[in-house]
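Let's take a friendly walk through a protein chain together. Have a look at the structure below, and then we will go through some of its parts one at a time.

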Amino acid sequence: MPSEMKTLLLNPPSFERFDGGAGSRWPATREIESYWYPVWLAYPAGMLEGSRLLDAPPHRISPQETVRIARDYEFVVLFTSTVGFQNDVRLARMMKEAKPGLKIAFVGPPVQVQPVESLKASEDIDFIVRGEFDYAVTEFAQGKAIGEIAGVSYLKDGQAVHNAQRPALQTEELDQLPFATSVYKRDLVIENYNVPFLLHPFVAFYTSRGCPALCTFCLWPQTLSGHAWRVRSAENVAQEVRQALKAFPQAKEFFFDDDTFNIRKDRVLELCKKFKPLGFRWSCTARVHSDYETLKAMAESGARLFIAGFESGDPQILKNIKKGATVEMGREFAKNCRKLGIAIHADFIIGLPGETPKTIQKTMDFAREIDAATIQVSIAHAYPGTELFDQLAKSGFAADRPMSDAMGHQLPHFEYPGLTRQEMMAAVNRFYDSYYFRPRVIWRIVRKSLWDAHERRRLYHEAVEYLRLRSERWRYARKNSPTNPMASFPTTKTATGESAQP
């Protein structure tokens with residue numbers, strides 16, 4: 001077999017401060033500069049000798065510098081996103097102009113959902129991978145013929161060729177993958193990764209892949225990771241934690257970035273038994289269905305914070321998006337976490353099917369009621385490949401407005417009767433203002449930084465960034481533009497049985 005191709009695993013530069021596709025489930029330039037780890041790219045990087053994982057955005061690497069670095073490699077695996085795809089195509093052109101013999105593969109949700117369109121978008125893309133790409137790109141780098149690699153799509157004589165789908169990796173295979181954190185140690189600077197509600201510096205990796213939940217808007221389970229939930233063994237996870245604790249003594253916490261860490265109680269309890277003797281702090285994604293016993297075990301094993309998707313305070317909207325959770329479940333989850341001293345970062349979305357000004361207000365009221373430590377308010381995005389995208393298409397309305405501005409910030413790209421894009425954008429600002437500009441919350445935030453100079457600097461930097469973007473949102477919201485109404489979705493019923501339309 002030929003020697004391995006020298007391979008660059010690339011999370012590309014794009015918009016300034018853009019948290020792109022390689023680690024972000026919601027690719028965007030955020031209110032406060034944030035970067036998630038490029039976990040997916042770390043696995044093939046660990047399997048290929050002489051490879052490099054280049055995470056350009058958090059390491060401030062420009063397109064020009066990326067092109068210069070790529071000249072030293074024979075094969076580039078580029079993780080693209082729907083928002084950043086056109087930028088990534090331009091970067092591929094620049095890399096091939098600098099080194100014509102370079103091979104380039106695109107991976108990530110958009111090329112999986114639209115493989116033919118992606119391949120025809122640029123002759124510089126040699127192939128794309130559908131589904132998990134760990135072994136597909138590794139096999140190509142090791143010399144396997146492209147026609148024999150499962151999961152690959154490519155053009156031959158102008159026609160798309162789709163090789164057989166590769167089965168999703170199961171526990172034994174996931175346990176055999178290299179540790180993502182070993183690649184971080186080799187190639188990344190963990191201090192460059194910042195998420196406002198996580199302790200800094202932090203280290204993130206996965207303990208499982210996939211999510212059986214059916215949320216219509218959620219990108220990864222419907223594209224990259226799948227709905228089949230597959231786990232690493234508890235001992236394999238604990239082994240990576242032990243190794244990473246030694247490799248990164250400066251890390252203040254670990255984050256388990258699974259699609260849903262707590263989807264099954266018995267596995268959570270098994271992991272907690274492994275974690276407790278290690279004495280470290282950790283945070284994770286979480287659904288709001290976990291009972292008090294499970295949450296207590298998590299707290300006792302070092303859990304500090306959960307990212308939980310509450311999405312809406314309106315029961316009908318939760319049904320519309322197939323959330324599989326109720327407002328009351330969210331309320332009970334928050335109450336139990338408060339009892340146990342576990343912080344919550346609560347995620348909400350403006351513009352889900354059935355949204356009206358009244359449902360937005362209901363969600364804002366619900367957010368203040370649960371009083372999470374921090375919140376994130378996102379604009380609903382209908383990514384290709386999601387049920388939400390198909391839902392909008394069937395309604396007769398194409399969500400074809402830009403998803404982001406010239407800097408990668410989220411823009412509303414569809415609207416409802418009685419709820420315009422401008423109103424959605426204004427609602428995001430009102431949501432944040434009504435939540436954070438409360439004395440108790442201001443004091444809660446400031447108190448954290450009183451005796452910590454690092455946190456004071458971080459808080460000041462984040463406040464400046466947030467206020468700048470807040471001002472830009474208001475400018476967008478004040479613009480007058482024609483509306484494009486779409487078919488309505490089920491809305492909340494009032495006590496009289498009438499729809500709660502504005």
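A residue is called buried when its relative accessible area is under 20%, exposed when it is over 50%, and partly exposed in between. Keep that scale in mind, and remember that this is a predicted model.

**The surface**

Is Trp-443 buried, exposed or partly exposed? Its relative accessibility is 46%, so Trp-443 counts as partly exposed. You will find Trp-443 in helix H18, which covers residues 439-449. Together with Phe-437, Ile-442 and Val-446, Trp-443 makes a nonpolar surface patch of about 380 Å².

Another residue to look up is Pro-167, in the loop between strand S7 (159-162) and helix H7 (171-176). Pro-167 counts as exposed because its relative accessibility is 64%. Its C-alpha atom is separated by 8.7 Å from that of Glu-132, although the two residues are 35 residues apart along the chain. Glu-132 also belongs to a network of salt bridges, in which it is linked with Asp-134, Arg-209 and Arg-230.

**The whole chain**

Now step back to the full picture. The chain has 502 residues, and 59% of them are buried. Its secondary structure comes to 19 helices and 15 strands. About 20300 Å² of the chain is exposed, with carbon and sulfur atoms supplying 54% of that area. Among contacts with a separation of 6 or more, 73% are between residues 24 or more positions apart.

**Salt bridges**

Side chains of opposite charge can pair when their charged atoms come close. How many salt bridges does the count come to? The count is 29 salt bridges. Here are three of them, with the distance between nitrogen and oxygen.

| Pair | N to O distance |
|---|---|
| Arg-304 and Glu-253 | 2.8 Å |
| Glu-369 and Arg-331 | 2.4 Å |
| Arg-438 and Asp-371 | 3.0 Å |

Start with the salt bridge between Arg-304 and Glu-253. Arg-304 sits in strand S13 (residues 303-311) and Glu-253 in strand S11 (residues 253-256), so this pair ties together parts that are 51 residues apart in sequence. Glu-253 counts as buried because its relative accessibility is 0%.

The next salt bridge joins Glu-369 and Arg-331. This pair links distant parts of the chain, with Glu-369 in helix H15 (residues 357-370) and Arg-331 in helix H14, 38 residues apart. Glu-369 has a relative accessible area of 43%, so it is partly exposed. Arg-331 is also partly exposed, at 29% relative accessibility.

In the last row, Arg-438 pairs with Asp-371. Arg-438 lies in the loop between helix H17 (421-436) and H18, while Asp-371 lies in the loop between H15 and strand S15 (374-379), so the pair ties together parts that are 67 residues apart in sequence. Arg-438 is buried, with a relative accessible area of 14%. Asp-371 is buried too, at 12%.

**Two helices that cross**

Two packed helices are described by the angle between their axes and the distance between the axes. Here, the axes of helix H12 (residues 292-300) and helix H14 (residues 327-340) come within 10 Å and cross at roughly 35 degrees. The crossing of H12 and H14 is right-handed.

Which residues meet where H12 and H14 touch? On the H12 side they are Tyr-292, Leu-295, Lys-296 and Ala-299, and on the H14 side Phe-333, Asn-336, Cys-337, Lys-339 and Leu-340.

Technical notes:
Residues numbered from 1 in each chain as written. Predicted model: local features only at pLDDT ≥ 70, side-chain atom pairs only at ≥ 80, totals over all residues. Heavy atoms only, no water. Patch = residues over 30% accessible without salt bridge, like charges linked within 9 Å, V, L, I, M, F, W, Y side chains within 5 Å. Areas by Shrake-Rupley, 256 points an atom, 1.4 Å probe, with all protein chains shown as cover. Salt bridge = Lys/Arg side-chain N within 4 Å of Asp/Glu carboxyl O. Helix = DSSP H or I, 4+ residues; strand = E, 2+ residues; numbered from the N terminus. Buried < 20%, exposed > 50% of the residue type's maximum accessible area, 1.4 Å probe, protein only. Axes fitted to C-alpha atoms, helices over the stretch in contact; angles between N-to-C directions. Left-handed = near helix turned anticlockwise from the far one by under 90°. Contact = heavy atoms within 4.5 Å.
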